[in-house]
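This report introduces a protein structure to a reader who has not met it before. Please keep the sequence and the three-dimensional view at hand while reading.

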Amino acid sequence: MSRTLEWTVGLELTEESGMTKAEARLSTGTSTLTGHGSARCNPADVDVPAIGDELAASRAMKDLAGKLMREANREMEAVGAGTVPQHTGPGYGWPEAVS
């Protein structure tokens, strides 16, 4: 059986008073999950808005990824399958790609 799906991820960034906030929203067509992240500029550091954007966005996407994994775990448990181990390797990606 072959199937193709398209999921959409939107990312919204806002900045105010040295604080950048990000909201990552995944839409699957049947459900929506939202992740949040933030970053603030240390007053002693040079203000580089792009760095705050990158940090806040990556934190929001990491939060979103965690929520998606927890949802998959709940659904696997509901059908009697085992869950994915908490520590599947040193990072994200395909296990065979890790050296």
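The sections below describe the overall architecture, the sheet, the helix, the salt bridges and the surface.

## Overall architecture

The structure discussed here is a predicted model. The protein chain contains one helix and three strands. Read from the N terminus, these elements follow the order β-β-β-α.

The protein chain has 99 residues, of which 14% are buried. About 7900 Å² of the protein chain is exposed, and carbon and sulfur atoms supply 54% of that area. If one takes the contacts between residues at least 6 apart in sequence, 35% of them join residues at least 24 apart.

## The three-stranded sheet

The strands form an open sheet in the order β1-β2-β3, and their pairing is antiparallel. Its edge strands, β1 and β3, each pair on one side only. On average, neighbouring strands of the sheet are turned by 15° against each other, direction ignored. As general background, the strands of a sheet pair through backbone hydrogen bonds, in either a parallel or an antiparallel manner.

Strand β1 covers residues 8-16 and strand β2 covers residues 19-27; the two run antiparallel and are joined by nine bridges. One position in this pairing can be located through T8, whose bridge partner in β2 is S27. Together β1 and β2 make a hairpin with two residues between them. In the turn of this hairpin, S17 has a positive phi of about 50°.

On the other side of the pairing scheme, β2 and β3 are also antiparallel, and nine bridges connect them. Here A24 stands opposite G35, a residue of β3.

## The helix against the sheet

Helix α1 packs on the sheet and touches β1, β2 and β3. The direction of α1 makes about 145° with that of β3.

E54 is one of the residues of helix α1. Its relative accessible area is 54%, so E54 counts as exposed, given that the class of exposed residues begins over 50%. E54 and A39 are 15 residues apart in sequence, while their C-alpha atoms are 8.8 Å apart in space.

## Salt bridges

The structure holds three salt bridges. One of them joins R25 and E23, with the closest N and O atoms 2.4 Å apart. R25 is partly exposed, because its relative accessibility is 39%. E23 is likewise partly exposed, with a relative accessible area of 23%.

Another salt bridge links K67 to D63, and the closest N and O atoms are 3.6 Å apart. K67 and D63 are separated by about one helical turn, because they lie four residues apart in helix α1. With 26% relative accessibility, K67 is classed as partly exposed, and D63 is also partly exposed, at 24%.

R74 forms a salt bridge with E71, for which the closest N and O atoms are 2.9 Å apart. This pair also belongs to helix α1: R74 and E71 are three residues apart, and therefore about one helical turn separates them. R74 is partly exposed, with a relative accessible area of 47%. E71 is partly exposed as well, at 27% relative accessibility.

## A nonpolar patch on the surface

Which residues make the nonpolar surface patch? The patch consists of V46, V48, I51 and L55, and has an area of about 350 Å².

V48 lies in the loop between β3 (32-40) and α1 (49-78). The relative accessibility of V48 is 38%, so this residue counts as partly exposed; that class lies between under 20%, which is buried, and over 50%, which is exposed.

## Summary

In this predicted model, an open sheet of three strands in antiparallel pairing is accompanied by helix α1, which packs on the sheet. Three salt bridges are present, including the pairs K67 with D63 and R74 with E71. On the surface, V46, V48, I51 and L55 make a nonpolar patch.

Notes:
Residues are numbered from 1 along each chain as its sequence is written. This is a predicted model: local features need pLDDT of at least 70, side-chain atom pairs count only at pLDDT 80 or more; totals for chains, interfaces and linings use all residues. Side-chain values use heavy atoms; hydrogens and water are left out. Patches are made of residues with over 30% relative accessible area and no salt bridge: like charges are joined within 9 Å, nonpolar side chains (Val, Leu, Ile, Met, Phe, Trp, Tyr) within 5 Å. Accessible areas come from the Shrake-Rupley method with a 1.4 Å probe; for residues, only the protein chains shown count as cover. A salt bridge is a side-chain nitrogen of Lys or Arg within 4 Å of a carboxyl oxygen of Asp or Glu. Buried means under 20% relative accessible area, exposed over 50%, partly exposed in between (1.4 Å probe, protein chains only). Two strands pair if DSSP finds at least two bridges between them. Axes are lines fitted to C-alpha atoms, for helices over the stretch in contact, and angles run from 0 to 180 degrees between N-to-C directions. Contact means heavy atoms within 4.5 Å.
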